[in-house]
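Student: Before we begin, may I see the sequence and the model, so that each term can be set against its definition?

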Amino acid sequence: MPVSRITARFDKAKAENRAVLVAYLMAGDPDLETSYEALCALRDNGADIIELGAPFTDPMADGPAIQKAGLRSLAAGTTLKDTLALAKRFREDDPDTPLILMGYANPVHLMGYETFAEAASQAGVDGSIIVDLPPEEDAPLRAAYATRDLAVIRMATPTTTESRMKTVAENASGFVYYVAIAGITGAGSADPEDIREGVDMARRVSGLPVCVGFGVKNGEQAAAMAHIADGVVVGSAFVDNAKTAQESGDLGLAASGMGRLAKELSEAIRSVRLEPSAT
Amino acid sequence: MSIQNTWDQWPDEHGRFGDFGGRYVAETLMPLILDLETEYRAAKEDPAFAAEMDDLWKHYVGRPSPLYFAERLSEHHGGAKIYFKRDELNHTGAHKINNCLGQILLAKRMGKTRIIAETGAGQHGVATATVCARFGLPCVVFMGETDVERQKPNVFRMKLLGAEIVPVSSGTGTLKDAMNEALRDWVTNVDSTFYCIGTAAGPHPYPELVRDFQSVIGREAREQIQEREGRLPDAVMACIGGGSNAIGLFHPFIEDENVRLIGVEAAGHGVETGEHAAALNGGLPGILHGNKTYLLQSEDGQIIDAHSISAGLDYPGIGPEHAFLRDTGRAEYLTCTDQEALDAFQLCTRLEGIIPALEPAHALARVGEVANDLGPDGLLIMNLCGRGDKDVFSVAEALGVEI
């Protein structure tokens, strides 16, 4: 039964002739209660899929916004177990919204791939993106996921050639996360026309939906990406709301700010009717 | 694992040393490191590449470095004869340049036009900036803020050499943070940039190629000791941060199972205090900076900042080949505290008239015990991998002397 919630969500969006909105937030930033409220606000305002970041001290692919989000979360004492518990709490009264764990390999490796997979499965998580586990290194994770309804989501980039894409696509599931710019999260944005070919190639080779992320911050950019992709991922712009909330001392601003942004992005994406070639 | 007499066959085709090593990088970097591997294989086969390296090593670096009998230190300890492999006499004052030359020549072959590097003590940064000046390549060095502060002379040297220094404030502003930032720069500038890693760690093929470039140390030492003593040493010793000088000394002796390979990790205030940089003696296997190896980490898998008086050893990981040599028992790994290193620093300076860097002072601190263990007929080679000029300010401070 492979990755049923994710597939269902893409099918639903396809039926509505639109792309999905994938929203990222860091678990425990600035605390777990706030993250829970933010998860609900994202869902209630049109986020189709939620990526729940697990904090790591050395996030080598992330820019300053997500680096600092991770440090805020770690300062509050958030562990991988806490992140999984947060997912479980959300899943208790939300049976449908796909939840993807996003993070780095070391905490998962130390917990043990099998233990992690079981805990993630119990928590109602639907898959993971482990940034520093490329296809060459994710065999133990795949083995642990094989018997469970968990997706191994992999990344493609503008530097990914077609032959490399075949390696990336092999054993990948859920969707392909297409990194729009060679760089770190939260940096400059890509011109959709520059990556259209790469996105099409990733979709053709993998047979999976392709979501584009990195550098998308507002409705206008999201709408532009929605023309060429099956989904649009937004991270740093959401995370900035947790920063604002902590700095102002009013943690409620995190959920309300993220909700507002999700609404803007979701409406922008829904305003775009996909061209037949991209569906 | 069938490892008998096949020590030099690692890494395997997956870039692994046993279970360690590998290529744990974001997909953005995969095409680059696969490319680098192909280029490195080609360079290794190319006699012109080796000839250019040899020429530069000889005329620019000053190789071979001497193998020196430390007579008074040997007498002082009263055990085996202690030899120093004098890599502190290299141009730029440490072993780092052996590797930089190799990597920059590789970068040139690959048509890269911009070099980035991370640095802790500043030795690798200085060596990279030096070679970049020599070849007219722009050089950007990432250095933790804390290290910028405690290694001011090296910061100025790099600037004189034309390098741009980027102080890194994330984390605790030390070597690991500098490496994170260098990796971030690399993924952002994939087309133009070559990442010149300073130690035998990182994603495959870096641990292998850095080891190969540094192995000139062990090859020379092997030849020199046989010339001087007519036989192989009983033990070779080196300090370990990431472990490049140690693996460079060890590797040419790796098949000689009667030669003990001994690394010395920085124990900071003591391994039991938690404030140290001894990944093998006080860490657990994990994944960081592109490779699986021993790491200082919390119960949740978060990386713990290392502590050492020596900026060059202040790293929470260790090259993957050392992790492998430790687990298989082929090499031994001892520790040395800040205080012991300071004592050894002074002892060597007074007895031999050689001011060592604080990094090899860690190996010096354990030399006496190993020499005694080997006995008066024994032969020991220690890699004096850097000179102490850069450290005189921090040593003065540690000794409470105002200069």
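**Sheets and helix packing in chain B**

Tutor: Please keep in mind that this is a predicted model. Let us start with a strand pair: β3(B) and β4(B), the latter spanning residues 81-85, are joined by 3 bridges and run antiparallel.

Student: What makes β3(B) and β4(B) a pair?

Tutor: Pairing requires at least two bridges, and 3 bridges join β3(B) to β4(B); the two strands therefore count as paired. Within this region, Tyr68(B) stands opposite Phe84(B) of β4(B).

Student: To which sheet do these strands belong, and in what order do its strands lie?

Tutor: They belong to an open sheet of 6 strands with mixed pairing, ordered β3-β4-β14-β9-β10-β13 in chain B.

Student: Why are β3 and β13 of chain B called edge strands?

Tutor: Each of them, β3 at 67-69 and β13 at 331-337, pairs on one side only. From one strand to the next, the twist averages 25°.

Student: Which helices accompany this sheet?

Tutor: Helix α14 of chain B, residues 338-352, lies across β10 (260-268) and β13, and runs at about 90° to β13(B). Helix α15 of chain B, residues 358-374, packs on the sheet and touches β4, β9, β10, β13 and β14. The direction of α15(B) makes about 150° with that of β9(B).

Student: What is the arrangement of the sheet that contains β5(B)?

Tutor: That sheet is open, has 4 strands in the order β7-β6-β5-β8 of chain B, and its pairing is parallel. β7 (164-168) and β8 (193-195) of chain B each have a single partner strand, so one side of each lacks a neighbour in the sheet.

Student: How do you know that β5(B) and β6(B) pair?

Tutor: The cut-off is at least two bridges; 5 bridges join β5 (residues 114-119) to β6 (residues 139-144) of chain B, and the two run parallel. Glu118(B) stands opposite Phe142(B) in β6(B).

Student: Why are α4(B) and α9(B) called oblique to each other?

Tutor: Helix α4 (residues 96-109) and helix α9 (residues 206-214) of chain B pack at about 120°, with their axes 8 Å apart. Roughly perpendicular covers 65 to 115 degrees and roughly antiparallel begins over 145, so the angle of about 120° falls in neither class and α4(B) and α9(B) are oblique. The crossing of α4(B) past α9(B) is right-handed.

Student: Which residues make the contact between these two helices?

Tutor: Asn98(B), Asn99(B) and Gly102(B) contribute from α4(B), and Leu209(B), Val210(B), Phe213(B) and Gln214(B) from α9(B). By class, this contact of α4(B) with α9(B) has 3 nonpolar, 4 polar and no charged residues.

Notes: Residues are numbered from 1 along each chain as its sequence is written. Chains are lettered from A and ligands numbered from 1 in the order in which they are written. This is a predicted model: local features need pLDDT of at least 70, side-chain atom pairs count only at pLDDT 80 or more; totals for chains, interfaces and linings use all residues. Axes are lines fitted to C-alpha atoms, for helices over the stretch in contact, and angles run from 0 to 180 degrees between N-to-C directions. Two residues are in contact if their C-beta atoms, placed from the backbone, lie within 7 Å. Angles under 35 degrees count as roughly parallel, over 145 as roughly antiparallel, 65 to 115 as roughly perpendicular and the rest as oblique. A crossing is left-handed if the near helix is turned anticlockwise from the far one by less than a right angle, and right-handed if clockwise. Ala, Val, Leu, Ile, Met, Phe, Trp, Tyr, Cys and Pro count as nonpolar, Asp, Glu, Lys and Arg as charged, and the others, Gly among them, as polar.
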